[in-house]
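Me: Hi! I have a structure open and would like to go through it with you, a piece at a time. Could you take a look?

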Amino acid sequence: MLLVRCPASYIIIEQRQCECGFKFKAKGDSVESTKKWKRDSLFIDKRGKWRPFDHKKVSRKKGGSLRGQGWKYGSGFVDGIFPVLSPIAQEILNFLQKEVSTARIWSSLDTLPPTNTVWDDLISIAARLRLYKKWDPIIAMCEWMSQRSSFKPDVICYNLLIEAYGNKLHSKKAESTYSELIENRCVPTQDTYALLIKAYCKCGLLVHAEAVFAEMRKNGFPPSTIVYNAYIDGLSKRRDSEKALAVFQRMKRENCELNAETYTLVINLYGKENKSYMALEVFREMRSKKCKPNICTYTALVNAFARDGLYEKAEEMFELLQEAGHEPDVYAYNALMESYSRAGYPYGAAEIFSLMQQMGCEPDRASYNIMLDAYGRAGLHKGAQSVFDEMQRLGIEPTMKSHMLLISAYSRMGDVQKCEEIVGQMQDSGLTPDTFVLNAMMNLYGRLGQLEKMEQVLFAMESGGSCKPDISTYNILINMYGRSGFVDRMEEIFASIPSKNLRPDVMTWTSRIGAYSRKKQYKRCIEIFEEMIDNGCYPDGGTAKVLLSSCSSEEQIEQVTTVIRTMHKDTLPSVNDSSRVEQYT
């Protein structure tokens, strides 16, 4: 039911048994007037606490935007303020979240009076939907505001549409929305360009993203920190780290101010690349430039060391976070737990889990998934099962990743029957196993020598189902056939990869080299290594170790060492990565 107040009456839109599905009726003046209703003067700050605020200070000004600045990229309202919804706005929000028909949404919104209060309510609703990443209702509501209502859309409305279209991968619509904004003589903000760049990055249109900078200069906007940060963020999410770092260096050359968000993005980027030492260098540079790190910066640094399993360094960063006066949140605790998990200390992760609860920080679903992973990595499948059962007991619905981690725990024990049982439970609960789950099952079958079952899973994936094979799928096949001595079949699979619109990665090449390395076929390994470089794929620590294991003389070892040293050092992580080497050798 959608309840809307207006000065004379209020309209109730409720579902009826009729042809259109909805019937509208008005009730009279006996209802309490909205003049008596006072809007809540509270909002939830970034720490999740209630705070009062003055409506006059966040009122709409000329141009129809909060404080005249429009939609604030990365937060919602200016200064991250999310006003509490009025009862009427809450009813509208509930309706939008349930209704899927755009026509019905528009028909319902048509009944709203064209007042400033309603406009503010709609923008507040959009902020809440944005927080939940509900892009479809945002699109439906903002399209109604711009195309059908008597409201004149402002930069807030257009920015919302650009962001929503970008997240739905509708780059053409995002572009046309920007054109409409210009045609209607609405002045774009830095946030408009930032959101447009993010939309292009999500769709892989990097040339278009670069063109936005030229468009900004044409309109008298020099590229700002906000826009550059959006570009780095978009490239990072596309895993184009080389381009993202180039943009970071461009900011320095153009003397563009680097803020805490910029440095945090780059630290995150290096963390995802397993280059925690570079993340630390960026952090040191940040402090030398007198840029104050925030809690997100410290958490990103803890995460960077966590991914490398360097729990002692992660602890140091966690302590720095506290010394800086920040209260650790669930993300910081999760990052520290992850460091113990990756280092192979599940009970250390469990201690942090308990500490988090003692400090009044409630674990989230990710916290339980980290504990699942911690026990699974250590081969403690009973501990992983206990965590999974506890999630269900507490009413935390296990996700695809939760099931995946439980499968991995039993997979390490070689328990095929239990893994197949979990896959069956997933299907019974309405979850369709994704590519990661099927890859895990293929890897298990391969390790146990059940190659026929492995091929059956591959056939199911290639037969046009919902789960398509990715490069990891073929990496597993190449690795397993190479380890089993079926080199011809391995080469056949490798040769088929381009026809799947996939590109071999470092794991593909290293697994292939590993097959010949086990046979001490040094010359063949060097040939494949040279082919790998010619294809633009650079080796990692695992590649170096596998090449060295193919050597049978001091001369060959010296040759390989010389070749590796001539490669770009920054492309080679630590060669002490024993877990990767074991996979290939």
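Reply: Happy to! One pair to begin with: glutamate 462 and lysine 500 meet through their side chains in a salt bridge, 3.4 Å from N to O. Keep in mind that this is a predicted model.

Me: Where do glutamate 462 and lysine 500 lie?

Reply: Glutamate 462 is in helix α22, while lysine 500 is in the loop between α24 (487-496) and α25 (506-517), so the pair ties together parts that are 38 residues apart in sequence.

Me: Is glutamate 462 buried or exposed, and what about lysine 500?

Reply: In between. Glutamate 462 has 38% relative accessibility and counts as partly exposed. Lysine 500, at 35%, also counts as partly exposed.

Me: Which residues do salt bridges with shared partners join into one network?

Reply: That network consists of Glu491, Arg512, Arg524, Glu527 and Glu531.

Me: And how many salt bridges does the structure hold?

Reply: There are 24 of them. One is between arginine 250 and glutamate 210, with the closest N and O atoms 2.7 Å apart. This pair links distant parts of the chain, as arginine 250 sits in helix α10 (residues 241-253) and glutamate 210 in helix α8 (residues 206-218), 40 residues apart.

Me: What's the relative accessible area of arginine 250?

Reply: It is 15%, so arginine 250 is buried. Its partner glutamate 210 comes out at 25% relative accessibility and therefore counts as partly exposed.

Me: Back to α22 for a moment. Which residue forms a salt bridge with lysine 453?

Reply: Glutamate 420 does, and the closest N and O atoms are 3.4 Å apart. Lysine 453 belongs to helix α22 and glutamate 420 to helix α20, so the pair ties together parts that are 33 residues apart in sequence. Lysine 453 has a relative accessible area of 32%, which makes it partly exposed, and glutamate 420 is partly exposed too, at 33%.

Me: Okay, new topic: helix α21. What span should its 13 residues have?

Reply: Helix α21 covers residues 435-447, and at 1.5 Å a residue it should span 18 Å. The C-alpha atoms at its ends are 18 Å apart, which agrees.

Me: How many residues of α21 are buried?

Reply: 10 of the 13, so α21 is largely enclosed by the rest of the structure. Among the buried ones are Val437, Leu438, Met441, Met442, Leu444 and Tyr445.

Me: What do the buried residues of α21 pack against?

Reply: Four helices surface here: α19 (400-412), α20 (416-428), α22 (451-462) and α23 (471-484).

Me: Now the ends. What happens at the start of α21?

Reply: There, aspartate 434 has a side-chain oxygen that reaches to within 3.2 Å of the backbone nitrogen of phenylalanine 436. Just after the helix, glycine 449 takes a positive phi of about 80°.

Me: One last residue, serine 146. Where does it lie?

Reply: Serine 146 is part of helix α4 (residues 135-147). With 18% relative accessibility, it counts as buried, because the cut-off is under 20%.

Me: Which residues does serine 146 touch?

Reply: Leaving out residues up to four places away in sequence, serine 146 touches Pro153, Cys157, Leu161 and Glu180. There is also a contact inside the neighbourhood that list skips: a polar atom of the serine 146 side chain lies 3.3 Å from the backbone oxygen of glutamate 143.

Technical notes:
Residues are numbered from 1 along each chain as its sequence is written. This is a predicted model: local features need pLDDT of at least 70, side-chain atom pairs count only at pLDDT 80 or more; totals for chains, interfaces and linings use all residues. Side-chain values use heavy atoms; hydrogens and water are left out. Helices (H or I, at least four residues) and strands (E, at least two) are DSSP runs, numbered from the N terminus. The expected span of a helix is 1.5 Å times one less than its number of residues. Buried means under 20% relative accessible area, exposed over 50%, partly exposed in between (1.4 Å probe, protein chains only). Contact means heavy atoms within 4.5 Å. A polar contact is a pair of N or O atoms within 3.5 Å; within protein, one must be able to donate a hydrogen and the other to accept it, and residues adjacent in sequence count only if both atoms are side-chain atoms. A salt bridge is a side-chain nitrogen of Lys or Arg within 4 Å of a carboxyl oxygen of Asp or Glu.
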